[in-house]
Amino acid sequence: MLKRTIVLTASLLVLTGVSSCAVGGGGEQSPQATPSEENVDPALAVKDPKDLKSVQDACQLLTSEQRTTLKIEGAPAPRDSEFKEPACEFDGSAFTTALDINTNAGGMTAAHERKDNFDNFEPTEVAGHPAVKVNFSDNLCNLAVGVSDTQSLHVYYALISGDSPEMEDTCGYASKIAAEAIKNIPPA
């Protein structure tokens with residue numbers, strides 16, 4: 001349990017950098033305004049925007065049926081988020097995952113502006129939405145998905161033992177979890 005907590009905490013801190021750096025991240029950097037819809041990179045614009053601001057409980061982003069299909073064993077547990085917004089964690093024997101809502105620190109344009117701050121940064125797509133994988137490894141994936149031009153859903157996935165080859169593809173499985181969660185976000 002302690003190992004899972006340490007791995008998940010480390011991954012949360014890494015991905016938080018995607019957004020905190022995007023808005024200045026504190027320290028000696030000067031804060032920047034969150035991107036508005038007018039200054040969003042057209043290549044990163046969201047075609048089917050969702051409204052995360054209307055989601056009050058991140059644990060409701062995955063139904064019990066979706067959790068069963070995804071083999072998420074742990075009960076949903078609200079947790080503190082670096083974004084100071086709703087977040088939820090699921091602990092299990094095969095993997096630990098968490099969902100964080102980010103409506104204040106910008107979407108994918110902000111993340112791309114700070115891509116040089118990460119050891120690895122790979123643009124991708126999840127369910128038709130622009131996304132990025134950052135500082136990922138064989139047993140860990142940090143994924144941010146733009147659900148609108150200024151909002152993102154963050155999925156953290158830490159492999160513990162896995163029970164299938166599919167689970168061992170950390171970013172592939174994080175993307176699968178994100179795609180299911182996106183289905184439950186109301187349209188903008």
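**Reading a predicted model by its cut-offs**

Me: Why is Cys171 called buried?
Reply: In this predicted model, Cys171 has a relative accessible area of 6%. The cut-off for buried is under 20%, so Cys171 counts as buried.

Me: Why does Cys141 count as buried?
Reply: Its relative accessibility is 0%. That value is under the 20% limit, so the label buried applies to Cys141.

Me: What makes Cys141 and Cys171 a disulfide?
Reply: Their sulfur atoms are 2.1 Å apart. The rule asks for sulfur atoms within 2.5 Å, so the pair passes. Cys141 belongs to strand 6 and Cys171 to helix 5, so the link ties together parts 30 residues apart in sequence. With 100° about the S-S bond, this link is right-handed.

Me: How many disulfides does this rule give?
Reply: The count comes to two. The other one is formed by Cys59 and Cys88, whose sulfur atoms also lie 2.1 Å apart. It links distant parts of the chain, with Cys59 in the loop between helix 1 and helix 2 and Cys88 in strand 2 (residues 87-90), 29 residues apart. When the bonded cysteines are numbered in sequence order, the pairing reads 1-2, 3-4.

Me: Why is the disulfide of Cys59 and Cys88 called right-handed?
Reply: The torsion about its S-S bond is about 100°, and the disulfide is therefore right-handed.

Me: How do you know that Cys59 counts as buried?
Reply: Its relative accessibility is 5%. This is under 20%, so Cys59 is buried. Beyond its neighbours within four places in sequence, Cys59 is in contact with Arg67, Pro76, Ala77, Pro78 and Cys88.

Me: What makes Phe95 and Tyr173 an aromatic pair, and why is it called edge-to-face?
Reply: The two rings are 5.4 Å apart, centre to centre, with 65° between the planes. Centres within 6.5 Å make a pair, and planes over 60 degrees apart make it edge-to-face, so both labels hold. Phe95 lies in strand 3 (residues 95-102) and Tyr173 in helix 5 (residues 170-182), so this pair ties together parts 78 residues apart in sequence. Phe95 and Tyr173 are both buried. Ring pairs also link Phe95, Tyr157 and Tyr173 into a cluster.

Me: What makes the charged end of Lys133 sit over the ring of Phe136?
Reply: The charged end of Lys133 is 5.4 Å from the centre of the Phe136 ring. The distance limit is 6 Å, and the charge must also be within 35 degrees of the ring normal. This case is listed as a charge over a ring.

Me: How do you know that strand 4 and strand 5 pair?
Reply: They share six bridges, in the antiparallel sense. Pairing needs at least two bridges, so they qualify. One of these contacts sets Glu125 opposite Pro130 in strand 5, its bridge partner. The two strands form a hairpin with two residues between them.

Me: What makes strand 5 and strand 6 a pair?
Reply: Five bridges join them in the antiparallel sense. That also meets the minimum of two, so strand 5 and strand 6 pair. Ala131 stands opposite Val145 in strand 6.

Me: Where does pLDDT stay under 50?
Reply: One such stretch is residues 1-17, and another is residues 19-35. Where pLDDT is low, the predicted coordinates should not be read in detail. Among the elements, helix 1 (residues 2-22) has the lowest mean pLDDT, 46, and helix 5 has the highest, 98.

Conventions: Residues numbered from 1 in each chain as written. Predicted model: local features only at pLDDT ≥ 70, side-chain atom pairs only at ≥ 80, totals over all residues. Heavy atoms only, no water. Helix = DSSP H or I, 4+ residues; strand = E, 2+ residues; numbered from the N terminus. Phe/Tyr/Trp six-rings, centres within 6.5 Å; stacked < 30°, edge-to-face > 60°. Buried < 20%, exposed > 50% of the residue type's maximum accessible area, 1.4 Å probe, protein only. pLDDT = per-residue confidence, 0-100. Contact = heavy atoms within 4.5 Å.
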